[in-house]
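Got your viewer open? Grab the mouse and let's take a walk through this one together, stop by stop.

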Amino acid sequence: APLRTFLFGVAVNHCRHHLRAAARRRRAMARYAEATPPEAATLHDLRSEQTRALRYALDRLPIKQRVVFVLSAVQELSIDEVASVVSAPVGTVKSRLHYARAALQRRLSEVLR
């Protein structure tokens, strides 16, 4: 029971941290939007649209591909490190990463035309 309680505590604290960070980002973006000149706002709108498209495309990936892509591209882990984290052979990780990139490229090219 103590290990289970500890793990739940870690998970809850991680969720709280994520929510607080998201709230800080939203407040910062609101302050940025108020302080930017109109021509910069257009660039901000374009980036927001691209960010939404990327999040949408990532959400549509199968979970195994998404995990491998995020660990590789966002967390910048090597293929060997990703394989260790997901407990899969290196070849499987490379395959999942390849298919994830192809799916993202296809979906983003459709959305951002």
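We'll begin with the whole chain, then go inside, then out to the surface and the loops.

**Stop 1: the whole chain.** Keep in mind that this is a predicted model. Show the chain as a cartoon and you'll find five helices and zero strands, so to speak an α-α-α-α-α pattern when read along the sequence. Now colour by pLDDT: the mean for the chain is 82, with 84% of the residues at 70 or more. Where does confidence drop lowest, and where is it highest? The low end is H2, with a mean of 73, and the high end is H5, at 91.

Switch on the surface while you're here. The accessible area of the chain is about 8700 Å², and carbon and sulfur atoms account for 58% of that. Of the 113 residues, 20% are buried. As for how the chain meets itself, take the contacts between residues at least 6 apart in sequence: 51% of these link residues at least 24 apart.

**Stop 2: the core.** Hide the surface and select Leu58, Leu61, Val68, Phe69, Val82, Val93 and Leu104. These are the residues with the most contacts inside the largest nonpolar core, which has 14 residues. Which helices feed this core with at least two residues each? They are H2 (38–60), H3, H4 (79–86) and H5 (90–111). H5 gives the largest share, five residues.

Zoom in on Leu58, one of that set. Skip its neighbours within four places in sequence, and its contacts are Arg66, Phe69 and Leu104. Two of the names there, Phe69 and Leu104, were in your core selection as well.

**Stop 3: along H3.** Select residues 63–74, which make up helix H3. Click Ser72, a member of this helix. Is Ser72 buried or exposed? Its relative accessibility is 14%, so Ser72 counts as buried. Show what surrounds it: beyond the neighbours within four places in sequence, Ser72 touches Leu77, Val82, Leu97 and Arg101. Val82 should ring a bell from the core stop.

Now go to Ile63, also in H3. Here the relative accessibility is 54%, so Ile63 counts as exposed. Draw a distance from its C-alpha to that of Ala100: you should get 10.0 Å, for two residues 37 apart in sequence.

**Stop 4: a greasy spot outside.** Jump to helix H1, residues 2–35, and click Phe6. With a relative accessible area of 54%, Phe6 is exposed. Add Leu3, Leu7 and Val10 to the selection, and together with Phe6 you have a nonpolar patch on the surface. The four share about 420 Å² of accessible area.

**Stop 5: two loops with a twist.** Which loop holds Glu76? Look between H3 and H4. Check the backbone there: Glu76 has a positive phi, about 55 degrees, although it isn't a glycine. At 65% relative accessibility, Glu76 counts as exposed.

Then move on to the loop between H4 and H5 and pick Ser87. Ser87 is another non-glycine residue with a positive phi, near 55 degrees. Its relative accessibility is 68%, so Ser87 counts as exposed.

That's the end of the tour.

Technical notes:
Residues numbered from 1 in each chain as written. Predicted model: local features only at pLDDT ≥ 70, side-chain atom pairs only at ≥ 80, totals over all residues. Heavy atoms only, no water. Helix = DSSP H or I, 4+ residues; strand = E, 2+ residues; numbered from the N terminus. Buried < 20%, exposed > 50% of the residue type's maximum accessible area, 1.4 Å probe, protein only. Contact = heavy atoms within 4.5 Å. Patch = residues over 30% accessible without salt bridge, like charges linked within 9 Å, V, L, I, M, F, W, Y side chains within 5 Å. Areas by Shrake-Rupley, 256 points an atom, 1.4 Å probe, with all protein chains shown as cover. Salt bridge = Lys/Arg side-chain N within 4 Å of Asp/Glu carboxyl O. Core = buried A, V, L, I, M, F, W, Y, C linked by side-chain atoms within 4.5 Å. pLDDT = per-residue confidence, 0-100.
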